[in-house]
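Trainee: I have been asked to examine a protein model and to reason about its pockets and its charged pairs. May we go through it together, one question at a time?

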Amino acid sequence: MCIDNENKKNMKISSLATYLTNGISFSAEKKKVAIMASGSGSNAEAISDYFEKRKDVEIEIFSDKTSAGVYDRMRKKGKQVHFLSPESNYEFFSEMPHDLIVLAGYMKMIKSDLVDLMKGKIVNIHPSLLPDYPGTHSIERAYNDKRKETGITIHYVDHGMDTGPVIFQESTEINPEWSLDELEAKIHSLEHHHYPRIIDKIISYQPAFTEHLKEVLK
């Protein structure tokens, strides 16, 4: 049987929509969102600030490192950060259900049992246009390769490294005059702007989100 390009696109949309909605049941009233950070916490701060006045969203922030900068960053804003060992993730989220887990500079691979438990409810942001430059040092690698553009990718987490279904991408041209620090600042500004807004779309899921998937998969 011959399958034309439009049918292939629709099949991809159907497959991704099934991935997103299979078993997902968001809370009817207040949504509980867990942010997991390993570093300075700038994305955690941006997300927390975005939802600060929202009564329908509860934000909790966790870190796998006791020395991470996210503690001081959030303490200055009167927000608490909880330590959560990667070995305890599955037990914790089994007992304390959340609508979404948001990885924000979280440097540990999510174990398979938690991926299966929270399928379609874990998202990550990556500082490249995946599938380019998965893993670490993505901004530096794009800079050193003298690429003309790079960007950010927000995606669902599966069992691989930066391989889950893409939700959103935003690109930026790399000015050849920029230093690495300037490129990093540009990427971080894209992350801080887009990540909270995409999270908001996800937890406000409606069947019409399939239209958004069509745009993503063009």
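Trainee: Which residues lie nearest the centre of the largest pocket?

Mentor: This model is predicted. In it, the lining of the largest pocket is made up of 35 residues. Those nearest the centre of that pocket are Gly105, Tyr106, Met107, Pro127 and Gly135.

Trainee: How much space lies in the largest pocket?

Mentor: Let us begin with the walls. Helix H2 (42-51), strand E5 (122-126), helix H6 (138-144) and helix H7 (180-203) each contribute at least two lining residues. By class, the lining holds 11 nonpolar, 18 polar and 6 charged residues. The space in this pocket is about 920 Å³.

Trainee: Which element gives the most to the lining of the second largest pocket?

Mentor: The second largest pocket holds about 200 Å³ of space, and its lining includes Ser48, Phe51, Val57 and Ile61. Two elements, H2 and strand E2 (57-63), give two or more residues to this lining. The element that gives the most, with 5 residues, is E2.

Trainee: How many charged residues are in the lining of the second largest pocket?

Mentor: Among the lining residues are Glu52, Arg54 and Lys79, and Asp, Glu, Lys and Arg count as charged. The lining also has 4 nonpolar and 3 polar residues. The number of charged residues is 5.

Trainee: Is Glu45, the salt-bridge partner of Arg73, buried or exposed?

Mentor: The side chains of Arg73 and Glu45 meet with N to O at 2.7 Å. Arg73 is in helix H3 (residues 70-75) and Glu45 in helix H2, so their salt bridge ties together parts 28 residues apart in sequence. Arg73 is partly exposed at 28% relative accessible area. Buried means under 20%, and Glu45 has 18%, so Glu45 is buried.

Trainee: Which residues are joined into one network by salt bridges that share partners?

Mentor: A further salt bridge is that of Asp49 with Lys77, whose closest N and O atoms are 2.8 Å apart. Asp49 is in helix H2 and Lys77 in the loop between H3 and strand E3 (81-83). Arg147 and Asp132 also form a salt bridge, at 3.1 Å; Arg147 lies in the loop between H6 and strand E6 (149-156) and Asp132 in the loop between E5 and H6. The residues joined into one network through shared partners are Glu45, Asp49, Arg73 and Lys77.

Trainee: Where does pLDDT stay under 50, with 8 contacts beyond four places in sequence?

Mentor: The chain averages a pLDDT of 86, and 81% of its residues score at least 70. One stretch under 50 is residues 206-210, with 3 such contacts. The stretch with 8 such contacts is residues 1-15.

How values were computed: Residues are numbered from 1 along each chain as its sequence is written. This is a predicted model: local features need pLDDT of at least 70, side-chain atom pairs count only at pLDDT 80 or more; totals for chains, interfaces and linings use all residues. Side-chain values use heavy atoms; hydrogens and water are left out. On a 1 Å grid over the protein atoms alone, a cavity is a set of points where a 1.4 Å probe fits but cannot get out, and a pocket is an open set with protein on both sides within 12 Å along at least five of seven lines; lining residues have an atom within 4 Å of a point. Grid points are joined across faces, edges and corners, and a volume is the space filled by probe spheres set on the points. Helices (H or I, at least four residues) and strands (E, at least two) are DSSP runs, numbered from the N terminus. pLDDT is the predictor's confidence in each residue, from 0 to 100. Contact means heavy atoms within 4.5 Å. A salt bridge is a side-chain nitrogen of Lys or Arg within 4 Å of a carboxyl oxygen of Asp or Glu. Buried means under 20% relative accessible area, exposed over 50%, partly exposed in between (1.4 Å probe, protein chains only).
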